[in-house]
Amino acid sequence: MRFKALARLSPLAGAVLLLCAMQSATSPNTAAGSGTIVRPTKFDYTMTTLANGLQVVFLEDHSTPIVHAALWYHVGSKDEKPGRTGFAHLFEHLMFKGSRNVRPDEHPSRITSVGGQANAFTDEDATVYWETVPAEHLPMVLWLEADRMASLEVSEDKFKTEREVVKEERRMRFENQPFGRLPEIIFDKAFKVHPYKHQTIGSLADLEAASITDVREFHATYYVPNNATLVLVGDFESKQALMLVEQYLGKVPRGKAVPRDITPEPRHLGEERFTVNESWPLPAVVVSYHIINDGHPDAYPLHILAKILSDGDSSRIYRSLVYEKQMALAAFGEAKLIEHPNLFYAVAIVQPGRRPDDVQKELLATLDRVKTEGVTAEELHRAKRQFARDYILGRETVQQKALHLAHAVVIHNDIKTADGEFDLFQNVTLADVQRVAKTYFTPESRMLLTILPRGGTPNPDQLPLGPKVPKSEGPNVPGVSR
């Protein structure tokens, strides 16, 4: 899981949490005189599975009179077939367009009318719908979710309208932004067959080619209780909440067995190099490696390694390429650890007057040095403290707690990791970090990509906003890349 969202706390509350987390002591894996990191309190949850296959997790939190409901459907862009990309994200839109007893857009308006909030987001592995409401309105939330799970109305007119909305979203976020297609190019070149090859937004051609029959079949296959997990966190009694869930969602018929026939990516046996041209203001160079999936034991030192190498202005690649050698105007990267094996990639936007080949060589050399030299104890301890900070501050709200629990159930298939990952991160050693660098940063799994401007004068003012892949609307949350 990736702990990227921090709670909105007062400065005093945040300071108290950090002081509690960083108490003075020493350990073999920390710099001399630095503090041991103290784990947060574990979740006191209960979990059950209804007769129709719906998994339900309850976590009581009586600190405020609100309830958060997160309904995760285990379907994302990796479940789409070639030529039919963008369906999962399309359904994020369609699920708000009415069901048997609810008019189009009535679902969110009912929530806001009682002072609540509702939204949704889609990524490669899941589609999530959530509501936060005053606790007395939990029955209404469960009824709304049950109604659209059981009786979503996908008409030809609604489908065509929302398809145009998604196409326009793609133009705005990918086609018309400088460097907007960067993630699309990286993953298309790095993957041969696995559906991580395409982005969640889908392609314009696939969206245009989709038929109402295709869309209805996709919904009938994946939007069923036996492919869903509901997490409730807030001010309720678990036994009473279970009765309400049974009353509303327990009546939705179980669907057919959900297919998981996703073609695995074959092992890459040699370095690949690509050069492409885009209508961008400046050249960009990329180095990527195939890595393991989220939840694998190696994922935790890989997370630490990625934070040291490529996370922010203090990272190694930023310091080296931007500050010290002044070869790049921006440098960033990510270990994209999600449900199936994915990528570690690093990107540098080339400084005007510098040769892309030279910048790429320096980027590669910065990554390779970890294999021979490892990282320092100070770097490791700082990364662990950052993870602890994000972990602790990312479990404050009812929404954040629900996201930790749901991610553990849906992506890891093991709810215990919602608590257990804290210790796994803190137990990472210097040897672990160097070992995963040697294991995954190999020439055989490497891709070197150069993207050159198609024409025109480079404009250094038009820079990418950051390393993250554009996603559909929704909160920036732990466990879900945005």
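This report walks through the fold, one sheet, one helix pair and a few individual residues of a predicted model.

**Overall picture**

Let's begin with the whole chain. The protein contains 16 helices and 13 strands. It has 482 residues, and 57% of them count as buried. Contacts across the sequence are plentiful in the tally: of the contacts with a separation of 6 or more, 81% join residues 24 or more positions apart.

**A six-stranded sheet**

Among the strands, 6 form an open sheet in the order 3-4-8-5-7-6, and the pairing is mixed. Strand 3 (45-49) and strand 6 (117-122) each have a single partner strand, so they stand at the edges with one side left without a neighbour in the sheet. On average, neighbouring strands here are turned by 15 degrees against each other, direction ignored.

Inside this order, strand 8 sits next to strand 5. Strand 5 (residues 66-73) and strand 8 (residues 228-234) pair in the antiparallel sense, over 7 bridges. If you would like one bridge to look up, take Trp72, whose partner in strand 8 is Thr229. As a reminder, strands of a sheet pair through backbone hydrogen bonds, either parallel or antiparallel.

**Helix 10 against helix 13**

Now to a pair of helices. Helix 10 (residues 299-310) packs with helix 13 (residues 377-393) at an angle of about 105 degrees, and their axes are 10 Å apart. Because angles from 65 to 115 degrees count as roughly perpendicular, helix 10 is roughly perpendicular to helix 13. On the helix 10 side, the contact is made by His303, Ile304, Lys307 and Ile308. Helix 13 brings Glu379, Leu380, Ala383, Lys384, Gln386, Phe387 and Asp390. Sorted by class, this contact has 5 nonpolar, 2 polar and 4 charged residues.

**Two buried loop residues**

Asp298 is found in the loop between strand 10 (284-290) and helix 10. With 11% relative accessibility, Asp298 counts as buried, because the cut-off for buried is under 20%. Beyond residues up to four places away in sequence, Asp298 touches Ile292, Arg435, Val436 and Tyr440. Asp298 and Thr439 are 141 residues apart in sequence, yet their C-alpha atoms are 9.6 Å apart in space.

His268 lies in another loop, the one between helix 9 (238-248) and strand 9 (272-278). His268 also counts as buried, at 11% relative accessibility. Its side chain makes a polar contact of 3.4 Å with the side chain of His290. Leaving aside neighbours within four places in sequence, the residues in contact with His268 are Ala190, Lys192, His290, Glu444 and Ser445.

**Two loop residues with positive phi**

Finally, have a look at Gln326 and Asn413. Phi of Gln326 is positive, a value to note in a residue other than glycine, and positive phi is likewise found for Asn413, again not a glycine. Their loops, angles and accessibilities are set side by side here.

| Residue | Loop | Phi | Relative accessibility |
|---|---|---|---|
| Gln326 | between helix 11 (316-324) and strand 11 (328-335) | near 50 degrees | 48%, partly exposed |
| Asn413 | between helix 14 (398-410) and helix 15 (417-426) | near 55 degrees | 65%, exposed |

The cut-off for exposed is over 50%, so Gln326 at 48% is partly exposed, whereas Asn413 at 65% counts as exposed.

Key
Residues numbered from 1 in each chain as written. Predicted model: local features only at pLDDT ≥ 70, side-chain atom pairs only at ≥ 80, totals over all residues. Heavy atoms only, no water. Axes fitted to C-alpha atoms, helices over the stretch in contact; angles between N-to-C directions. Helix = DSSP H or I, 4+ residues; strand = E, 2+ residues; numbered from the N terminus. Parallel < 35°, antiparallel > 145°, perpendicular 65-115°, else oblique. Contact = heavy atoms within 4.5 Å. Nonpolar A, V, L, I, M, F, W, Y, C, P; charged D, E, K, R; others polar. Buried < 20%, exposed > 50% of the residue type's maximum accessible area, 1.4 Å probe, protein only. Polar contact = N/O pair within 3.5 Å; in protein donor to acceptor, adjacent residues only side chain to side chain. Pairing = 2+ DSSP bridges.
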